[in-house]
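Student: I am new to this structure and would like a close look at one part of it. Could you take me through the nonpolar core with some care, and set it in its surroundings?

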Amino acid sequence: MSKKIKCVVWDLDNTIWEGILSEDKEVRLKPGIENVIKTLDERGILQSVASKNDYNNAINKLEEFGISEYFLYPQISWNPKADSIKSIAEAINIGTDTLAFVDDQITEREEVSFSYPEVLTIDALRYMEICDMDELTPNYITEDSKKRRLMYKSDMVRKNEESEFRGSSEEFLATLDMHLTISNVKPEDLKRVEELTIRTHQLNSTGYTYSFEELEGFISSEKHIFLIAELKDRFGEYGKIGLVLLEKEDDKLSIKLLLMSCRVMTKGIGSAMLVHIINIAKAQNRGLFAEFLQTDRNRVMYITYKFMGFDEFHEEGDKLLLKYESEIKREFPTYLNVKLDD
Amino acid sequence: MEEYKEKIREFLKKNKKIDILEDDDNLFAKGYVNSIFALQLINFLEKTFKIKFNNKDIVESNFVSVNKITETIIKTMNK
């Protein structure tokens, strides 16, 4: 299976439109390009711009064409495009290996490839083929994927407000009026569940993936507890952003999977889910363990576990077994309204 | 060593509004610190002092006070 692309970064001159904005009297959208952009958007693939142009002129032109809303964090400047690629990946908080870059100039594509060989570069000549490419065809399109761009847009507003907020990060979180709902996974959630297991790398304790049938099996399994978390705040919905798979064995409860979308990083969702899991283990009188598979990306999850009272119990290469050993009473963060559903 | 402590205190003050703090005060017991803050703190320390904590050293007890944090930094630097 080829790696799925999460964000397409477009050049403008002679890529999205025909002509060079700063030189030609008139530029025109390439025929059919609007459809390509809209189709990707509906698939939940994010889009941005990396163009060497005057910022205001280029944005005005995109607005005139009625397509500016589709692009998150557009990078329009005279900086090298590799820098723009890096800025976009950081702003959206995704790995550069999930980016595609479309440009008509081979020198630009090579400059990006030189710094980020993992970026999929596409010659602008092939723009009509983009929607047929396997890397740009998600296995499923879920409710969450259709809303993805809007969710990122509200995140831009949120971040902006946070950067202007004077106070501690918890005080800011308290102003968000966050509502977290944790419920059992239902059959209608399964596509999103699979999407989360495939897309999530940073905030993922093991990175285990399961077939659709296996996931379906966990719902009815007596041995498993399978939970999904949904978050919203006053800026809007984050959608279904968290997943937990617990396995019961004798008097033990093991966390096989704990993951969250990177959009909720630094919101304390991981700790909140762990509080809930700790409570379950306590109520069932089971010892609590967590499997952890170290990658170069998921250290944040490791630190979260360690500061929630988990400690190394067994180590085998990159695979750790952590055990919860703490008598401290853990509570949900005060800034978070938590609702537990059946 | 004193400059490390100063940087840590500055960070605590800026992010937690903890003003009066003894170097041995327990940050966790006083409810100043939770796991979000632990992440921010570790991120800050690793960037500021250009270190990377060992997995084994990432435990609450190593970050429990300004003094403890300073010890952990020095220990990591000397490795």
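Tutor: This is a predicted model, and it helps to begin with chain A as a whole before turning to the core. Chain A has 11 helices and 15 strands, and its radius of gyration of 22 Å is close to the 20 Å that the globule rule gives for 342 residues, so chain A is as compact as a globular protein of that length. Along the principal axes, its C-alpha atoms fill a box of roughly 75 × 45 × 35 Å. Of the 342 residues of chain A, 39% count as buried, and among contacts in this chain with a separation of 6 or more, 67% are between residues 24 or more positions apart.

In soluble globular proteins, nonpolar side chains tend to be buried together. Here the largest nonpolar core holds 64 residues, and the members that touch the most others are A229(A), L231(A), V244(A), I269(A), M273(A), I277(A) and, from chain B, A38(B). The element that gives the most to this core is helix 10 of chain A, residues 269-283, with 8 residues. To follow one member outward, take L231(A): beyond its neighbours within four places in sequence, L231(A) is in contact with M178(A), L180(A), Y238(A), I241(A), V264(A) and I269(A). There is also a second, separate core of 39 residues, which includes V8(A), I88(A), I92(A) and F101(A).

For a contrast with these buried cores, look at K50(B), which sits in the loop between helix 2 (35-48) and helix 3 (66-77) of chain B. K50(B) is exposed, because 8 other C-beta atoms lie within 10 Å.

Notes: Residues are numbered from 1 along each chain as its sequence is written. Chains are lettered from A and ligands numbered from 1 in the order in which they are written. This is a predicted model: local features need pLDDT of at least 70, side-chain atom pairs count only at pLDDT 80 or more; totals for chains, interfaces and linings use all residues. Helices (H or I, at least four residues) and strands (E, at least two) are DSSP runs, numbered from the N terminus. The radius of gyration is taken over C-alpha atoms; the globule rule is 2.2 Å times the number of residues to the power 0.38. A residue is buried if 20 or more other C-beta atoms lie within 10 Å of its own, exposed if 12 or fewer, and partly exposed in between; C-beta atoms are placed from the backbone. Two residues are in contact if their C-beta atoms, placed from the backbone, lie within 7 Å. A nonpolar core is a set of buried Ala, Val, Leu, Ile, Met, Phe, Trp, Tyr and Cys residues joined through C-beta atoms within 7 Å.
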